[in-house]
Amino acid sequence: MTDTTTTSQQPIIWWLRRDLRLTDNPALTAIAESGRPVVPLYIFDPTEARLGAAPKFRLGLGLQTLQQSLAAKGLKLILRKGDALTVLRDVLRTCDGAGVYWSRLYDPQAIKRDTVVKTALQEDGFEARSFAGHLMFEPWTVEKKTGGMFQVYTPFWKAVNQRNIGASLPAPQSLRAADGGIATDSLADFEMAREMRRGAAIVAAHCVVGEEAAWARAEQFLHERLSTYGAGRNHPAVNATSGLSENLAWGEISPRQIWNLGRLVEDANGIKAEQYFKELVWREFAYHLMYHTPHILKRNWRDQWDGFPWSEEETAALRAWQRGQAGIDLVDAGMRELYVTGTMHNRVRMVVASFLCKHLRQHWRQGMAWFEDCLIDWDPASNAMGWQWVAGCGPDAAPFFRIFNPDGQREKFDADHEYCHRWLAEGRALPSKTALQFFDACPKAWTMTASDHRTAPIVDLRAGRQAALDAYEVLRRKE
């Protein structure tokens, strides 16, 4: 006969990944409802170690804040480095654990790792359970009426818009700490800020970290700016967007929490905010695509684009784009905002991506890799789909001949140059603080200073556009 008293004392490991929150966390709620003690565990495994500089740095800040939140509740965050399965087995043995619960991730590497972990632990006799929470709609639950995945956004939106996603879960009222004695590494041992070098302090000042800060950010946006989002979202100098992509990326807030509160605000104020909810669902669509067609992360989603003559050389033009020295105001301003804050306004993201892929005809993978290294809100699905959408080779993509004119976009969405002046220092008598921060953050090897002359355009916009169209015409004829 099983000793139920002993069994109920066996803890469950809460394996933390991209769910750095206590509220609306189904895995953590399930542990609390079991009545068992909880062992919060973060594993710095090879997958995490391969993150780009800014994402890794931002993850470290999130872990540090969560560590403090857990400590206030009498819980200790265990930190370990190594192979996930090896670490989990070791901690289970040490704490005489009953099993491991975690929130699902959907990229191919995570699926492969988690499948191995779940199978091995269950064969060892442990409970191993994965839960939803990172998305509102699990990718395999959304299908066309005829079956199969969606490849176009609008039908996907119509399929999920009226779905009941359920109420957001409150933070567990009672979480039992497991007995001590479980060894932990120090977060400093992981050196998660090392690759940021002198840019770490600059970027950190622009981060909004942790569950409490994320929720405050969401409330402020939804109560104060939701009604004007549609009108203001394309103007980069205007504080019109939510900024929540940073917190969604690390699970400091769930999409369900944002959706549910947003709908309440919408109903209470008699407003229509469909455009914002469509943006939340755009993120879901990106995960839907990544889950069903994981090649979107590495190669052209449409294989007929494999013959397009993008360059993958490390060219001077690519370096100029990365450093905000293309000589095109809106492009350079966006790239410097990225380097100083770890984020970039979404309208400007599309412009800089189009400029790289079309005017410069550099491969979208080069842009995607740079963003992967520089974004604090880096998300594998959204980053890949965004780049392929702009490049024209992705699902439901903008036609290749839709080429953003950076100067035209600036005139339309930054007519008074407020955004560009915020990020560009050269040639100005009194540069803004944010423009000057770029020179404190960028590598000294770039030898850039605020007193430099403004770079001349590295490509004529009209000629670059025509060259892109000519290359596209050659590809089209081959088809």
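Okay, quick one today. When I say helix, I mean a DSSP run of H or I covering at least four residues, with helices numbered from the N terminus. And keep in mind that this is a predicted model.

So, Tyr-229: that residue sits in helix α10, residues 229–232. Why do I call Tyr-229 buried? Its relative accessibility is 7%, and buried means under 20%.

The reason I picked Tyr-229 is the UniProt record. An unreviewed entry there puts a "binding site" feature on a set of residues including Tyr-229, Thr-241, Ser-242, Leu-244, Tyr-276 and Asp-377. Trp-378 and Asp-379, also from that set, turn up in the lining of the second largest pocket.

Now, who does Tyr-229 touch? Skipping neighbours within four places in sequence, the contacts are Phe-221, Ala-240, Thr-241, Gln-275, Tyr-276 and Glu-279.

Let's follow that list to Tyr-276, over in helix α13, residues 274–292. Tyr-276 is buried too, at 5% relative accessible area. Again leaving out residues up to four places away, Tyr-276 contacts Phe-221, Leu-222, Leu-226, Tyr-229, Ser-242, Leu-244 and Ile-258. Phe-221 is a partner of Tyr-229 and of Tyr-276, if you want somewhere to click.

Last stop, Leu-475, in helix α22, which runs over residues 461–478. Leu-475 is buried, with a relative accessible area of 5%. Beyond its neighbours within four places, Leu-475 is in contact with Gln-304, Trp-305, Gly-307 and Phe-308. And for a sense of distance, the C-alpha atoms of Leu-475 and Pro-155 are 29 Å apart, with those positions 320 residues apart along the chain.

How values were computed
Residues numbered from 1 in each chain as written. Predicted model: local features only at pLDDT ≥ 70, side-chain atom pairs only at ≥ 80, totals over all residues. Heavy atoms only, no water. UniProt positions renumbered as here; feature names shortened; annotations may be inferred. 1 Å grid on protein atoms, 1.4 Å probe; cavity = no way out; pocket = protein on both sides within 12 Å on 5 of 7 lines; lining within 4 Å. Helix = DSSP H or I, 4+ residues; strand = E, 2+ residues; numbered from the N terminus. Buried < 20%, exposed > 50% of the residue type's maximum accessible area, 1.4 Å probe, protein only. Contact = heavy atoms within 4.5 Å.
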